[in-house]
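Me: I'd like to learn how to read a helical model like this one. Can you walk me through it, feature by feature?

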Amino acid sequence: MMEATETEFEHTPKLRTPFVLALVALADFTFSFLATFAIPQALISSNVIRPWPAGHDPRLRWLAISFVAIMVLFIAVAVVWRQLSSRQMRTIDAMIDAEEVRDNVE
């Protein structure tokens, strides 16, 4: 197997946690905006639903609620993936340790 040298990894881009969180928040806001403003506006424009009375537009509240709900969903999925990854890494480590013990016995 080829071994990686330090020079191979000098120019690899590093994703920083704040950058990733900003991308997740941007995706979350995009989904929330589409669900709470764009879709209802398209339905209003096509006369499927009636427009809200002036001063009683619930879409801003819907935006806030959906933003929080989707962010909680994203966080929950990330936690589950992290747990599954950790479990898989422990399994792989156990297999490697068992192989090393077997090699030492022979």
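Reply: Sure, we'll go from the overall fold to the helix packing, then a pocket and two serines. Keep in mind that this is a predicted model.

Me: Let's start with the fold. How many helices and strands does the chain have?

Reply: Two helices and zero strands. Helix H1 covers residues 17-45 and helix H2 covers residues 59-105. Of the 106 residues, 9% count as buried. Among contacts between residues at least 6 apart in sequence, 58% join residues at least 24 apart.

Me: How do I read the packing of H1 and H2? At what angle do they pack, and how far apart are their axes?

Reply: Look at the angle, the axis distance and the handedness together. Here H1 and H2 pack at about 140°, with their axes 9 Å apart, and the crossing is right-handed.

Me: Which residues meet there?

Reply: On the H1 side you'll find, among them, Val24, Asp28, Phe29, Ser32 and Thr36. H2 brings residues including Arg59, Trp62, Ser66, Phe67 and Phe74. By class, the contact of H1 with H2 has 14 nonpolar, four polar and two charged residues.

Me: What about empty space? How is a pocket found?

Reply: Rolling a probe the size of a water molecule over the atoms shows where empty space is left. In this model, the largest pocket holds about 200 Å³ of space.

Me: Which residues line the largest pocket?

Reply: Thr17, Val20, Leu21, Val24, Met71, Phe74, Ile75 and Ala78. H1 and H2 each supply at least two residues of that lining. By class, the lining has seven nonpolar, one polar and no charged residues.

Me: Now Ser32, in helix H1. Is Ser32 buried or exposed?

Reply: Check the relative accessible area against the cut-off: under 20% means buried. Ser32 has a value of 0%, so it is buried. Leaving aside neighbours within four places in sequence, Ser32 is in contact with Leu63, Ser66, Phe67 and Ile70. You can also compare positions along the chain and in space: Ser32 and Met71 are 39 residues apart along the chain, and their C-alpha atoms are separated by 10.0 Å.

Me: And Ser66, over in helix H2? Why does Ser66 count as buried?

Reply: Because its relative accessibility is 16%, and the cut-off for buried is under 20%. Not counting residues up to four places away in sequence, Ser66 touches Asp28, Ser32 and Thr36.

Me: So how do the two serines tie in with the packing?

Reply: Ser32 from H1 and Ser66 from H2 both belong to the set of residues where the helices meet, and Ser66 touches Ser32.

Terms used. Residues numbered from 1 in each chain as written. Predicted model: local features only at pLDDT ≥ 70, side-chain atom pairs only at ≥ 80, totals over all residues. Heavy atoms only, no water. Axes fitted to C-alpha atoms, helices over the stretch in contact; angles between N-to-C directions. Helix = DSSP H or I, 4+ residues; strand = E, 2+ residues; numbered from the N terminus. Left-handed = near helix turned anticlockwise from the far one by under 90°. Contact = heavy atoms within 4.5 Å. Nonpolar A, V, L, I, M, F, W, Y, C, P; charged D, E, K, R; others polar. 1 Å grid on protein atoms, 1.4 Å probe; cavity = no way out; pocket = protein on both sides within 12 Å on 5 of 7 lines; lining within 4 Å. Points joined across faces, edges and corners; volume = space filled by probe spheres on them. Buried < 20%, exposed > 50% of the residue type's maximum accessible area, 1.4 Å probe, protein only.
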